[in-house]
Amino acid sequence: MARSFLVPDAPLSPAPWPDRGDQASVLTVRREHDVAPDRATPWRDVVAEFVVLSSARTSADLVRPLLDAPELHWTPGLRRGVLALLPRSTAMVRVVLSWEWSVEAADFSVHSLEPDPFSSDELVVLEHWLRDAARRLAAEDDAVGAAVTRVVDDVVSGLDRSAPPRRAGADETLVSAVLGTRVAGPDPTSAHRRVDVRLPDPGDPGHEVLVDAETGRLLGHRTTLAEHGEPWAFRYVVVDDTAADTDGGRSGVTTDDLVHWHDQHIQRQMLADDARQALVHLVAGLDAPASVGYRD
């Protein structure tokens with residue numbers, strides 16, 4: 001079993017970048033260099049397929065002419081939920097449905113720098129559609145989460161098309177979203193197919209550990225170095241677990257591996273956000289948001 005490795009305290013002033021420790025087991029990366037372009041994995045276009053209700057598209061027929069490159073943001077919650085619509089790309093308008101405990105008790109509001117961004121009839125159409133979309137999203141929240149997880153797992157496994165585990169039913173339809181991502185496929189040269197980044201202490205987001213997702217083995221640490229509360233660098237530390245190796249040597253993990261795995265963790269989060277955003281739009285009956293490519 002891998003043993004923990006204490007990360008040295010941050011110095012009082014920023015060190016030169018990069019700062020490699022003994023035998024490349026420690027690497028300090030300045031904050032502004034933590035997303036160096038030469039570390040990025042190649043861009044991939046992946047197709048994510050989803051099953052949605054056949055009525056989803058028609059539910060937004062009346063509201064679609066009122067919108068210009070809309071973005072719909074869904075924040076579910078037991079005590080408080082929000083469904084916010086940014087209807088236009090060129091105007092400061094926000095249409096919001098917010099509630100506590102129940103979608104049925106949601107409050108409808110429009111925030112705008114314009115005095116009258118919509119007519120009274122248009123407001124009725126918007127409110128009716130938003131309430132209907134909120135009910136549908138609330139009912140399918142678990143299914144949305146499962147679909148997003150499925151997409152990320154499929155892309156990580158190397159698939160460029162992620163299909164749902166079941167076929168569309170009689171009142172359902174299959175739609176596809178094209179998503180761009182830098183999530184890499186499997187690396188046949190690596191002993192670790194997927195490495196997860198976790199917080200050993202949720203109250204301390206500045207200390208992350210990198211763990212082999214299959215074996216649970218601790219591979220390294222990533223610690224935020226801060227001075228006067230301001231982060232200025234990140235320190236990667238390889239866990240030296242000689243007991244786990246038959247040849248008595250180092251596990252083979254390098255600081256470059258840790259940097260790559262942490263970057264992949266961020267890329268998976270970004271892919272999950274994009275997949276969720278696309279599906280929220282589809283469930284509500286809209287086209288994809290401007291930030292996510294989409295096709296029927």
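Here are some notes on this predicted model, going from the whole chain down to single side chains.

1. Start with the overall picture. The protein has 296 residues, and 41% of them count as buried. Its secondary structure consists of 4 helices and 13 strands. The surface it exposes comes to about 16,000 Å², with 53% of that supplied by carbon and sulfur atoms.

2. Next, look at how the chain meets itself. Take the contacts between residues with a separation of 6 or more: 60% of them join residues 24 or more positions apart. Asp-257 and Ser-190 make a handy pair to find on screen, since they sit 67 residues apart in sequence and 9.5 Å apart in space, C-alpha to C-alpha.

3. Now find helix 2, which runs over residues 120-139. From its first C-alpha to its last, this 20-residue helix reaches 29 Å, close to the 28 Å expected at 1.5 Å a residue. Which residues of helix 2 are buried? They are Leu-126, Trp-129, Leu-130, Arg-131, Ala-133, Ala-134, Arg-136 and Leu-137. Notice that two arginines, Arg-131 and Arg-136, are on that list.

4. Stay with Arg-136 for a moment. Is Arg-136 buried or exposed? It counts as buried, because its relative accessibility is 11% and the cut-off for buried is under 20%. Arg-136 forms a salt bridge with Asp-132, and the closest N and O atoms are 2.5 Å apart. Both residues lie in helix 2, 4 residues apart, which is about one turn of the helix. Asp-132 has a relative accessibility of 27%, so Asp-132 counts as partly exposed.

5. That pair is one example of a wider theme. Side chains of opposite charge can pair when their charged atoms come close. How many salt bridges are there? The count comes to 15. Another one joins the side chains of Arg-166 and Glu-172, at 2.8 Å from N to O. Arg-166 is partly exposed, with a relative accessible area of 46%.

6. Some of these charged residues are connected in a group. Asp-153, Arg-194, Asp-196, Arg-198 and Arg-268 are linked in a network of salt bridges. Within it, the side chains of Arg-194 and Asp-196 meet at 3.2 Å, N to O. Arg-194 counts as partly exposed at 25% relative accessibility, whereas Asp-196 is buried, with a relative accessible area of 19%. Those two values fall on either side of the 20% cut-off for buried.

7. Helix 4 covers residues 255-284. Why does its length agree with expectation? Its 30 residues should span 44 Å at 1.5 Å a residue, and the end C-alpha atoms are indeed 44 Å apart, so the two agree. Asp-257 has its place in this helix, and at 26% relative accessibility Asp-257 counts as partly exposed. Just after helix 4 comes Gly-285, which takes a positive phi of about 95°.

8. Last stop: the largest pocket. Rolling a probe the size of a water molecule over the atoms shows where empty space is left. The largest pocket has a volume of about 400 Å³. Of the 21 residues that line it, the closest to its centre are Asp-187, Ser-190, His-192, His-260 and Trp-261. Which element gives the largest share of the lining? That is helix 4, with 5 residues. Ser-190, the partner of Asp-257 in point 2, turns up here among the residues closest to the centre.

Technical notes:
Residues are numbered from 1 along each chain as its sequence is written. This is a predicted model: local features need pLDDT of at least 70, side-chain atom pairs count only at pLDDT 80 or more; totals for chains, interfaces and linings use all residues. Side-chain values use heavy atoms; hydrogens and water are left out. Buried means under 20% relative accessible area, exposed over 50%, partly exposed in between (1.4 Å probe, protein chains only). Contact means heavy atoms within 4.5 Å. Accessible areas come from the Shrake-Rupley method with a 1.4 Å probe; for residues, only the protein chains shown count as cover. The expected span of a helix is 1.5 Å times one less than its number of residues. A salt bridge is a side-chain nitrogen of Lys or Arg within 4 Å of a carboxyl oxygen of Asp or Glu. On a 1 Å grid over the protein atoms alone, a cavity is a set of points where a 1.4 Å probe fits but cannot get out, and a pocket is an open set with protein on both sides within 12 Å along at least five of seven lines; lining residues have an atom within 4 Å of a point. Grid points are joined across faces, edges and corners, and a volume is the space filled by probe spheres set on the points.
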